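User: Please take a close look at the space enclosed inside this protein and at what sits around it. After that, walk me through some individual residues elsewhere in the chain.

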Amino acid sequence: MDVLERINYLKDEINKSNYEYYVNENPYLTDFEYDKLFSELKEIEEKYPMFRTPDSPTQRVGSVSEKFLPYKHKYRLYSLDNSYNSEDLEKWYERVCKEYNKELDLVCELKIDGLAIALTYENGIFKRGVTRGDGVTGEDITQNLKTIKAVPLKLFEPVNLEVRGEIYMPKSSFEKLNQEALENGEKVFANPRNAASGSLRQLDSTVTAKRDLSMFTYTAIFEDEKDKKYKTHYDSIMRLKELGFKVNPNIRQVKNIKGVIDYCNEWDTKRFDLDYATDGVVIKVNDIAIQKDLGYTARAPKWATAFKFPPEQVSTKLLDIELNTGKTGVVTPVAVLEPVLLAGSTVSRASLHNFDEIKRLDIRIGDNVLIMKAAEIIPKVVKVVESDEHSSLKEYVPPLNCPACGAVLTEKEGQVGLYCSNPNCESLMCAKIEYWASKEAMDIDKVGPSLISQLYDKKMISNFADLYKLLPQDFMMLDLIQEKSAMNIYTSIQESKTRPLNRLLTGLGIRHVGKETADILAGEFSSIEALKTATLEQLSAVEGIGEIIAQSIYDYFHDENNLKLLCELSELGINPVEKASAKSDKLAGKTFVLTGTLENMTRDEASALIKSHGGKTSSSVSKNTSYVLAGANAGSKLDKAQNLGVIILTENDFLEMIEEKE
Ligand SMILES: [Zn+2]
């Protein structure tokens, strides 16, 4: 036997074994036999590289690409119109049959929840695999597809064609992959489709090769004359099988729409027994001549429709209702469930929204509840499954106390839910410190939620003033913080000491005082001292500050704890004073609205400049607006200004205006 003959023999044996195993799910060689043939082939190919061809099973190994290149499809991939119930299906069928005055044969196929791809074969050799993309252009992922054993590298006949298929990850492999990820502390995939997509879109195809992916093919576009003889869709699929492709065994020819409805009902329940996710049924007119005659709308074939199964729901036992105090102080209930498989993943927790919802649905601990998952959203409890036990279970009583600190829970006017009443509640305190450090307030960019909660847990801070007392070495006591980043955190905190008054006022988190109101306050009162001594009348006299806000500000600056905190801040060197006198009064009586992104200054700086020249700023455009200062990407405010005939200034106009008047 000469070398080439031996190579061909080995390739055929291995390909046949792959086909039997991955397509027919029928092992033909033992692992041992397979490995033996495979290493022999590899060895010969290494010795005689000129005989190594792209269709060799040894070429199923990965390689690394920089990025996926776009590829324009030879034949456009259309979408499918969706049907959601039997009426939709009947209407579609009526429309299709009308022109022919007879019932048309149909084919039902399970719609695999994976990734659509188009594969090109030339003379029976796999040439190219492209993702669906937008249907016109996709991405060339040939190298990755080659690693999937259900994608034949060489067909049983040297034919030319394009096939469409769906790449999917079996549910069992998905579970295993996520299990491993959990054990390694890695990110888990939400569902098998995401796992398949994530695995397929690896630039390093050795990663793809390690993942258990498979494929079903469901469309053939034959390019050889002899294959154009197939008159029905069903026969063309059987031809694909004959050529070596994996096709879904649950394909069925039916005589009319009644057969389709039966098929859909049957698989609505049976689908859960499959080892792959399916989210519906694709129904096609079987006769290819009629398909051609019916043609396409702009986006979908008229001769096909997709029936979507209703969202997957399962029932399981509600073991407990867990309570979490969120950062705003709101307490949310979470269902703790007996673990159950739902839409391809194990679910042990679900959302209950709020206590009103629990009451409305009369959910009791111990009930069997129906849970649902739509797409990748967190599962939620839909309703209680009626049972005899339900009435014997205890009615659920919402908590009276905060699970974080034990304080009494209260309702907030106009809000759903229960809130912790303790202003010093741990979760609330953390939220306050986060707000202080946030971009719109003191802008301490190195201090985020996780750092704050670590510092808080270690009792290193109890309010935002404490941040300024920390030294670089203090941060090094936290997890994963090295000297350099400790120094950066320290510097970023210390630098924030010089932020202007409006930012400090925002950061204090005074009720009803957001950024806008803080700006107004800082414009009217030059310092914290001035605000401490302001009377209620003085406060409510300020334009843009109503009675309720004025009262809230007044109360804040007359609360003992707050005064203590402000005093502390001042001692730490945080006590900004706005320049008492304006640069000029040249913009006196003028109201500006800022919109878009300015080039040479931030909007804050522009506001300060306007104020220092006696002008005012406002957040919305009205007929009282004197000027709109518009930067790049200005939005609706600009449109409104144009409609009202308000003068629009560019940044340069504005700067000139100030200079000119100075
Ligand atoms: Zn609390």
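Analyst: I'll start with the cavity, then go on to the domains, the nonpolar core and some single residues. First, the ground rules: this is a predicted model, in which local features need pLDDT of at least 70 and side-chain atom pairs count only at pLDDT 80 or more, while totals for chains, interfaces and linings use all residues. Residues are numbered from 1 along each chain as its sequence is written, and side-chain values use heavy atoms, with hydrogens and water left out.

How many cavities of 30 Å³ or more does the structure hold? There is 1, where a cavity is a set of points on a 1 Å grid over the protein atoms alone at which a 1.4 Å probe fits but cannot get out. The volume of the largest cavity is about 110 Å³, taken as the space filled by probe spheres set on points joined across faces, edges and corners. Its lining has 15 residues, with Asn15, Tyr19, Pro152, Lys154 and Gly244 closest to the centre; a lining residue has an atom within 4 Å of a point.

Sorted by class, that lining has 9 nonpolar, 3 polar and 3 charged residues. Here Ala, Val, Leu, Ile, Met, Phe, Trp, Tyr, Cys and Pro count as nonpolar, Asp, Glu, Lys and Arg as charged, and the others, Gly among them, as polar. Helix α1 (residues 3-23) gives the most to the lining, at 4 residues (helices are DSSP runs of H or I with at least four residues, strands runs of E with at least two, numbered from the N terminus). The cavity lies between domain 1 (3-60) and domain 2 (82-308), because both give residues to its lining.

Those two belong to a longer list, with bounds that come from an automatic or database domain assignment. After them come domain 3 (313-392), domain 4 (426-498), domain 5 (501-571) and domain 6 (591-661). Between the C-alpha centres of domain 3 and domain 6 there are 51 Å.

Next, Lys246, found in the loop between α8 (233-243) and β9 (252-254). Is its side of the story buried or exposed? Lys246 is buried, because its relative accessible area is 4% (buried means under 20%, exposed over 50%, partly exposed in between, with a 1.4 Å probe and protein chains only). The Lys246 side chain makes polar contacts with two side chains, that of Ser214 at 2.9 Å and that of Tyr168 at 3.1 Å. A polar contact is a pair of N or O atoms within 3.5 Å, one able to donate a hydrogen and the other to accept it; residues adjacent in sequence count only if both atoms are side-chain atoms.

Now for the greasy part. The largest nonpolar core has 51 residues, and Trp436, Leu467, Leu505, Leu508 and Phe557 touch the most other members. Such a core is a set of buried Ala, Val, Leu, Ile, Met, Phe, Trp, Tyr and Cys residues joined through side-chain atoms within 4.5 Å. Helix α12 (residues 426-437) supplies the largest share of this core, 5 residues. Domain 4 (426-498) and domain 5 (501-571) each put at least three residues into this core.

Some other buried spots are worth a click. Leu649 sits in strand β22 (residues 647-649) and is buried at 7% relative accessible area. Leu649 and Leu629 are 20 residues apart in sequence, yet 4.8 Å apart in space, C-alpha to C-alpha. Ala304, in strand β11 (residues 304-308), is buried at 2%. Ile148 lies in the loop between α4 (142-146) and β7 (161-168), and it also counts as buried, at 2%.

Finally, a couple of backbone oddities. Asn123 has a positive phi of about 50° although it is not a glycine; this residue is in the loop between β4 (115-122) and β5 (125-131) and counts as exposed at 51%. Asp362, not a glycine either, has a positive phi of about 50°. You'll find Asp362 in the loop between α11 (355-361) and β15 (368-372), partly exposed at 26%.

Note on methods
1 Å grid on protein atoms, 1.4 Å probe; cavity = no way out; pocket = protein on both sides within 12 Å on 5 of 7 lines; lining within 4 Å.
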